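Subject: Structure handover

Hello,

Here is the structure I said I would pass on. Please look through the chain first; my notes come after it.

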Amino acid sequence: MYGAAGRSPSPSLSTPASGAGKVEPATATLQPAVMQQEQLASASTLVLQQMEELVSLLPPHYVISTVLQDRLVHLQLFKHLRNNPHARVGSHWEHHTDRTGKQALRLHLLFEDQAGSLAAVAGALSKAGVNILEAVVFCTNTGFALDIFSLSAPTPGAAVPADQC
């Protein structure tokens, strides 16, 4: 799967003892574990390479402004846009505890950067009755905006229908 396809584990674990025709029980038990370790190592290498690519697209303060969980979300957003050429926005919502310990929402957005796009997002959130508690905004060197918003829960009755945003 992650680059390990077609590669076999070390011969001592994957081949039967000479002339035996069977894999020893201890070896049979170890073989799946060794293969899992190899797949995990291969997947880890791939994720590290993708993480390096992501960080190279963004300004230096991205690394100190985000945590690993954020970066993994951002990798998924970039993959989504790359694999869906007609998609214009990648988004991810999650529950979040803000700096004061209150429950909040967190919104990650990735979209093609254009003049006024941040104002449009802020306006849409406002019309939805959501207060922006914190915003962290990045622009890639390839013309995308990556925005992270910490948001209050929507104010009951303040939301405007989506077609009016």
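The notes below go from the whole chain to the sheet, and then to single residues.

This is a predicted model, in which local features need pLDDT of at least 70 and side-chain atom pairs count only at pLDDT 80 or more, while totals for chains, interfaces and linings use all residues. Residues are numbered from 1 along each chain as its sequence is written, and side-chain values use heavy atoms, with hydrogens and water left out.

Whole chain

The secondary structure comes to five helices and four strands. Helices (H or I, at least four residues) and strands (E, at least two) are DSSP runs, numbered from the N terminus. Along the sequence they follow the pattern α-α-α-α-β-β-α-β-β. Of the 165 residues, 30% count as buried; buried means under 20% relative accessible area, exposed means over 50%, and partly exposed lies in between (1.4 Å probe, protein chains only). Contacts, meaning heavy atoms within 4.5 Å, often join remote parts of the sequence: among those with a separation of 6 or more, 53% are between residues 24 or more positions apart. The accessible surface of the chain is about 10600 Å², and 59% of that belongs to carbon and sulfur atoms. These areas come from the Shrake-Rupley method with a 1.4 Å probe, and for residues only the protein chains shown count as cover.

The sheet

The four strands form an open sheet in the order β1-β2-β4-β3, with antiparallel pairing. Two strands pair if DSSP finds at least two bridges between them. The edges are β1 (89-97) and β3 (132-139), each of which pairs on one side only. On average, neighbouring strands are turned by 15° against each other, direction ignored. Axes here are lines fitted to C-alpha atoms, for helices over the stretch in contact, and angles run from 0 to 180 degrees between N-to-C directions.

Two helices pack on this sheet. Helix α4 touches β1, β2 and β4, and its direction makes about 160° with that of β1. Helix α5 (residues 117-127) touches β2, β3 and β4, and its direction makes about 30° with that of β4.

Strand β2 pairs with β1 over nine antiparallel bridges and with β4 over eight, again in the antiparallel sense. Toward β1, His96 stands opposite Ala104 of β2. Toward β4, Arg106 has Ser150 as its bridge partner, and His108 has Ile148. The hairpin of β1 and β2 has five residues between the strands, and Gly101 in that hairpin takes a positive phi near 90°. Because seven of its ten residues are buried, β2 is largely enclosed by the rest of the structure.

The salt bridge

How many salt bridges does a search of the whole structure find? The search finds one, where a salt bridge is a side-chain nitrogen of Lys or Arg within 4 Å of a carboxyl oxygen of Asp or Glu. Asp70 forms it with Arg106, and the closest N and O atoms are 3.6 Å apart. The pair links distant parts of the chain, with Asp70 in helix α4 (residues 68-83) and Arg106 in strand β2 (residues 103-112), 36 residues apart. Asp70 is buried at 3% relative accessible area, and Arg106 also counts as buried, at 14%.

Other residues to look at

Ala145 lies in strand β4 and is buried, with a relative accessible area of 2%. Leaving out residues up to four places away in sequence, Ala145 touches Leu109, Leu110, Phe111, Asp113 and Phe138. Val89 is 56 residues from Ala145 along the chain, and their C-alpha atoms are separated by 9.9 Å.

Ser152 is in the segment after β4 (144-151) and is buried, at 17%. With residues up to four places away again not counted, Ser152 touches Leu105, Val130, Asn131 and Leu133.

On the surface, Val47, Leu68 and Leu72 make a nonpolar patch of about 230 Å². Patches are made of residues with over 30% relative accessible area and no salt bridge; like charges are joined within 9 Å, and nonpolar side chains (Val, Leu, Ile, Met, Phe, Trp, Tyr) within 5 Å. Leu68 belongs to helix α4 and is exposed, with a relative accessible area of 52%.

Regards
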